[in-house]
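Trainee: Please take a close look at one exposed spot in this model, then work your way inward from there. Keep the terms defined as you go.

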Amino acid sequence: MTLVLRYAVRSDVGLLREGNEDSAYAGPRLLAVADGMGGHAAGEVASSATIAAMAKLDSEPPGGDMLAELSSAVAAANSRLQEMIIANPAVEGMGTTLTALFWSDGHAAVCHIGDSRGYLLREGELYQITHDHTLVQSLVDEGRISADDVSTHPQRSLLLRALDGRSIADPDLSVHEGQAGDRYLLCSDGLSGVVSDETLRDTLASIEDPEAVTRQLIDLALHGGGPDNITCIVADVVDTATSRVPPTGTPVLAGAAAHTSDPRPGTDGTGPQGPFGTGLENHLDGPYGDPGPPSMTAPQPMLTADDLDALSLAVASENGSDLTMVRARRSHRAKPRRRRRWPIVSTSLVVLLAVIAGGIFFAWRWTQEQYYVGADSKGEVVIYRGVNQRIAGISLSKPYQVTGIQLAQVPAPYQQTVKGTDLANSLSNAQAIVSNVRTAVGACQQQYTAVRDWVKKDNAYVAYLAAKALAKQEKKKPPSAVVQPGQQPPKPSAACPAPANFGIAAGDLVPTPGRS
């Protein structure tokens, strides 16, 4: 029995986003979805570059250790992002999620980092085979909030793990044994965040053709408001010996990655075809080196409003006789009194200016009701009132509350929130963000302080043991006893910035050698 994949992939920009920062790849051995972040084209660069690095797995012969191959590809993708950031600091804030499935000999190796998701439909039941790396999911895991609170939490989009080229990639890796009849779904949160798991299960179970399923899932997300880019891959496990439907053999790209074959460079150097490229142009071979570029999914049509009825032109026909009468009357006038036009023009201008002034006023009032968290020129975290935009050189925001938190001390997962300057919708939400950032900074400070204090006590104890041994050897009075420190505290989290940012030297965290 030989189990292979029959798949389809589709991506849509959604109803509210200007561009598509999602990227996806579907091939005989690899399925991958990446949801980019960072804005100003950087998100699509990150997702495209990540897909390019992962796509190599589909064009190479199968190896022995699937998880090792996946882990190596993820590390290569993260290194590629780091190279891009060094080459172009303008994209430093970019990053991406990644959910990938690597298929070989009836086994699926799954790699996951971020909040894109992987699902398995088996015998009518839907199982989520990935775990979101988000703040809200961690709060659910700790029992601090319920699953029902996730959709309304002000920090539901905050990621704790992602590929960003700055921190070490730490994906979840697992292996699942496939069965004929299994159906996999990989998707970005533009689908899973809008469509319920129950609806996903019903849709996956009721539609046989993978291509038709992807179309239906995209439509469901759009009907749900389409607030984000939407990308999904549906793949069926089929037995070549018994299935009447042939497996899919052509690799397919979707989303931002589907446009990397365009030879034209980006105008600002930050697009997928910027000076650093994404690498997809070098990996357009088919499976196991077969020639031929991957197919590109066609752009999805945007939903449009119903066509409006044409306005009636009866007024024009009525004005025909009136125009004749007006000309007849004017023929008896010695002088046309054109001055009568000026009151009309003046009134129109006054009304127009009033409308413009009113619009500007209400727009300004709206900005003053907005808040966001950012960093000032001194590197301090600040709550700003307004929006992070400038018009004619005039800033539409100003500092509202100084927090006293140094950006250099903010752990990596929260750096994205501060540097992204995303609107917090309200002052209370902005203060909640700052409270979480402060808690994370305090946790790092406490961890470093605990290790430093322990090392100080341990060094004193080691020195005491050495002095005691010397005194015994020389038959002298032993030194005053020093209490042995307790168990060494755990190392600070890898997400914490360098200890120097907290005023603690790295050497203060290293015990003196020689303790027995």
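Mentor: Start with Glu 123. Its relative accessible area is 73%, so Glu 123 is exposed. Exposed means over 50% relative accessible area, buried under 20%, and partly exposed in between, with a 1.4 Å probe and protein chains only. This is a predicted model, in which local features need pLDDT of at least 70, side-chain atom pairs count only at pLDDT 80 or more, and totals for chains, interfaces and linings use all residues. Residues are numbered from 1 along each chain as its sequence is written, and side-chain values use heavy atoms, with hydrogens and water left out.

Glu 123 sits in the loop between β7 (117–122) and β8 (125–128). Helices (H or I, at least four residues) and strands (E, at least two) are DSSP runs, numbered from the N terminus. Now check the backbone. Glu 123 is not a glycine, yet its phi is positive, about 50°. Most residues other than glycine have a negative phi. Lys 475 also has a positive phi, of about 55°, and is not a glycine either. Lys 475 lies in the segment after α10 (427–473). With a relative accessible area of 77%, Lys 475 counts as exposed. A glycine gives another positive phi: Gly 225, just after α6, at about 115°.

That brings us to α6 itself. Its 14 residues reach 20 Å from first C-alpha to last, close to the 20 Å expected at 1.5 Å a residue. The expected span is 1.5 Å times one less than the number of residues. The buried residues of α6 are Pro 210, Val 213, Thr 214, Leu 217, Ile 218, Ala 221 and Leu 222. They pack against β1 (3–12), β10, α4 (189–192), α5 (197–206) and β11 (230–239).

Take Ile 218, in α6 (residues 210–223). At 2% relative accessibility, Ile 218 is buried. Beyond its neighbours within four places in sequence, Ile 218 contacts Arg 10, Asp 12, Ile 230 and Cys 232. Contact means heavy atoms within 4.5 Å. Ile 218 and Cys 232 are 14 residues apart in sequence, and their C-alpha atoms are 7.9 Å apart.

Cys 232 also touches Cys 187. Cys 187 belongs to strand β10 (residues 183–187). Its relative accessible area is 0%, so Cys 187 is buried. Outside four places in sequence, its other partners are Val 33, Ser 116, Arg 117, Tyr 119, Ser 192 and Thr 231. Cys 187 and Val 234 are 47 residues apart in sequence and 8.8 Å apart, C-alpha to C-alpha.

Next, the largest nonpolar core. A nonpolar core is a set of buried Ala, Val, Leu, Ile, Met, Phe, Trp, Tyr and Cys residues joined through side-chain atoms within 4.5 Å. This one has 33 residues, and Met 54, Met 94 and Leu 98 touch the most other members. Elements giving two or more residues are β3 (30–37), α1, α2, β5 (98–104) and β6 (107–113). α1 gives the largest share, nine residues. Met 54, leaving aside neighbours within four places, contacts Leu 30, Leu 70, Ala 73, Val 74, Leu 98 and Ala 100. Apart from this core lies another, of 29 residues, among them Ile 405, Tyr 414, Ala 430 and Tyr 448.

Look at α1 more closely. It is mostly covered, with 15 of its 18 residues buried. α1 (residues 42–59) meets α2 (residues 66–87): their axes come within 9 Å and cross at roughly 145°. Axes are lines fitted to C-alpha atoms, for helices over the stretch in contact, with angles from 0 to 180 degrees between N-to-C directions. The contact has 13 nonpolar, one polar and two charged residues. Ala, Val, Leu, Ile, Met, Phe, Trp, Tyr, Cys and Pro count as nonpolar, Asp, Glu, Lys and Arg as charged, and the others, Gly among them, as polar. In soluble globular proteins, nonpolar side chains tend to be buried together.

On its own, α2 has 22 residues, which should span 32 Å, and its end C-alpha atoms are 32 Å apart. Its buried residues include Leu 70, Ala 73, Val 74 and Leu 81. The buried residues of α2 pack against α1, β4 (95–96), β5, β6 and β9 (172–177).

Finally, the whole chain. It holds ten helices and 16 strands. Buried residues make up 41% of its 516 residues.
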